[in-house]
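Me: Please take a close look at chain B of this model, beginning with its surface and fold and then following the open spaces that its residues help to line. Where other spots help with the reading, add them at the end.

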Amino acid sequence: MTQALSWGQPASVVHARGLTKSYGGPAAVDGVDLEIWAGESVGILGPNGAGKTSLMRMLSCVSLPSAGSLRIFGLDAAKQSRDIRRRLGIVHQEDILDSELTVAENIYIYGRYFGMPRAVIRENSAELLEFAKLSDRADSRVETLSGGMKRRLSIARALVSKPEVLLLDEPTTGLDPQARHVLWDRLAMLKTRGVTLILTTHFMDEAEQLCDRILLMDRGSLRDEGAPQELVTRYASKDVVEIRASGAADVSALAELVGKIGNRMEQLPNRLLLHVDDGDLALRAVIDLGVDPRACLVRRGSLEDVFLRLSGRSLLG
Amino acid sequence: MKSAILTDVSAVVERNFLVARKTWSVLLSGMIEPVLFLLSIGLGLGSLLGPVEVGGETVPYLVYFAPALIATSAMNGALYDSTVNFFWKLRYRRLYKQLLSAPMNIKGIVAGEIVWAQLRGVVYAVVMLVIIGVCGGLRSPWAALAVPAALVVGFAFAAIGVAIATVMRNWQDLDPVRFGTLVLFLASGTFFPTSAYPPAVGHLVELSPLYASNELVRAFCVGRVGAAQLLQVAYLVALTVGALWIAVRRFGRLHAD
């Protein structure tokens, strides 16, 4: 699927400089510099309104940049949009499927929109239905599908043209946990086939599962980037001790009590987070201070902690 | 390698065909109305009316009236898909967001919808032509050219319909369109020649696209073809191009951000 790569340097898929999108008010995307390489799996992470969707729409060549330069596959997004879209698979946030057609027809006609020969589409179609776990629903009307099925169909449809890059805007928003896991499994499969994945999400577990590299976005700008583990090391600690409390006053009292333990402390409305290097050691210290062990939980530092720290307060605040 | 616009047009037509295949009975309903008019006005009322003059020739009322039903069928058929169905897809089904995520362009999509919409008009026109022939309403072998004439009519009204749909804001905006086509149908030299109007009104009516369509199809059906038909074709083609231009611009604005 991915074009032959030259030795050493992977091919640049996205090259953006000063990329900006504004709709009249403050810029939704504000001077973003971005480089994405072939075969990478990149997650754009950020709170609602961070500009993720606006950025994705430009990367999908369905919306023109207001300023800056954007090259995809080395082509100018403003001038060669059609040639770029020929090589992209785009999965929108809402499932916009053709509700007047069946599952199989949706895949078929989408291939025709790419100008693919009928025989080639029919050849790929069975495999795509299998991939989307929709073989037994091929002749169902789209309206009768569940949310997870619709999303899988959206993805299967976007794959009909064998795209080099798949762009997914919040692929699992609104799906139940089981449906999400099925979808992750499918996306991981694509990744091993060498498809470049670019996705937005506000689920940390999703980003951790699927992405080699994460771009942290807030208020139209990229704030930082790195591999999930790198970001955890940079912004959170190896372990976190969570202490449940019954209310804000209780949290403050607890904070007073255990405040000296660990590298950093975070007060949430009904929880206290202690960022520490060694969770077990810290837990023992906490219990020694008289805290009820049943209120305590030790876990690994995660992207969630990074996200809370960055979007919650300090850095981005 | 086919050109980009042809790929887009054929993909849009194929998509609409896949949908229409399932709802072909709707197609039939559009054919019934002109047949009823043919029977009641053309054959029924027409038997009580005197002959009418067309291009210097005097013909029975049926021969005068029936060709207008071919033109009107082409108009109605073309308008149906281009207004109601196109508006539905544009505003509610978000169909074009899907097409624009694929490597398709606005011009190709709009042209595809126009080609599709006029197809229905032409199918209606051909069916009417056959029925009228059976009823004895045709006078000349020239009548075969009423089919390409209906094609020109279909394109003009399909383009006008698509342009209207891109300007419409809601379903209520469809009411004036329906009313407008009724007025066109009644006034544009369908039932009686424009010579029946006071001259000023007559000239105004002759600007109606349906008037040009009626006269064009009628000239072929009666077999009195002249230079006027060139003018009518030119007028309808100009309307097609103008409406296409408006539709592409409006469509682009609706899908820009």
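Reply: Accessible areas here come from the Shrake-Rupley method with a 1.4 Å probe, and for residues only the protein chains shown count as cover. By that method the accessible surface of chain B comes to about 11400 Å², and carbon and sulfur atoms hold 71% of this area. The model is predicted, so local features need pLDDT of at least 70 and side-chain atom pairs count only at pLDDT 80 or more, while totals for chains, interfaces and linings use all residues. Residues are numbered from 1 along each chain as its sequence is written, chains are lettered from A and ligands numbered from 1 in the order in which they are written, and side-chain values use heavy atoms, with hydrogens and water left out.

Under the surface, 50% of the 257 residues of chain B count as buried (under 20% relative accessible area, against over 50% for exposed and partly exposed in between, with a 1.4 Å probe and protein chains only). Chain B is built from ten helices and two strands (DSSP runs, H or I of at least four residues for helices and E of at least two for strands, numbered from the N terminus). Read from the N terminus on, the order of its elements is α-α-β-β-α-α-α-α-α-α-α-α. The radius of gyration of chain B is 19 Å, close to the 18 Å that the globule rule gives for 257 residues, so chain B is as compact as a globular protein of that length (the radius is taken over C-alpha atoms, and the rule is 2.2 Å times the number of residues to the power 0.38). Along the principal axes, the C-alpha atoms of chain B fill a box of roughly 60 × 40 × 40 Å. Among the contacts in chain B with a separation of 6 or more, 81% join residues that are 24 or more positions apart, a contact being heavy atoms within 4.5 Å.

The open spaces come next. On a 1 Å grid over the protein atoms alone, a pocket is an open set of points with protein on both sides within 12 Å along at least five of seven lines, a cavity is a set where a 1.4 Å probe fits but cannot get out, and lining residues have an atom within 4 Å of a point. Points are joined across faces, edges and corners, and a volume is the space filled by probe spheres set on them.

The largest pocket holds about 750 Å³ of space. It is lined by 30 residues, and the closest to its centre are A:Val62, B:Leu100, B:Ile106, B:His255 and B:Ala256. The elements that give two or more residues to this lining are α2 (81-85) of chain A and, in chain B, α3 (61-91), α4 (95-101), α5 (106-134) and α10 (227-255). Of these, α4(B) gives the most, with four residues. By class, twelve residues of the lining of the largest pocket are nonpolar, eight polar and ten charged (Ala, Val, Leu, Ile, Met, Phe, Trp, Tyr, Cys and Pro are nonpolar, Asp, Glu, Lys and Arg charged, and the others, Gly among them, polar).

The second largest pocket has a volume of about 620 Å³. Of the 24 residues in its lining, B:Glu33, B:Asn76, B:Tyr80, B:Arg178 and B:Thr181 lie nearest the centre. Here the elements that give two or more residues are α2 (24-44), α3, α5 and α7 (174-187) of chain B, and α3(B) provides the largest share, ten residues. The lining of the second largest pocket is made up of 13 nonpolar, eight polar and three charged residues.

One backbone detail of chain B belongs beside this picture. B:Arg94, in the loop between α3 and α4 of chain B, has a positive phi of about 50 degrees although it is not a glycine, and at 36% relative accessibility B:Arg94 counts as partly exposed. In chain A, A:Lys133 likewise has a positive phi, of about 55 degrees, without being a glycine; A:Lys133 sits in the loop between α4 (118-131) and α5 of chain A and is partly exposed, with a relative accessible area of 45%.

As for enclosed space, the structure holds two cavities of 30 Å³ or more. The second largest cavity is lined by A:Ile90, A:Val91, A:His92, A:Glu94, A:Asp95, A:Ile96, A:Ser154 and A:Arg157, with β6 (88-91) and α5 (147-158) of chain A as the elements that give two or more residues.
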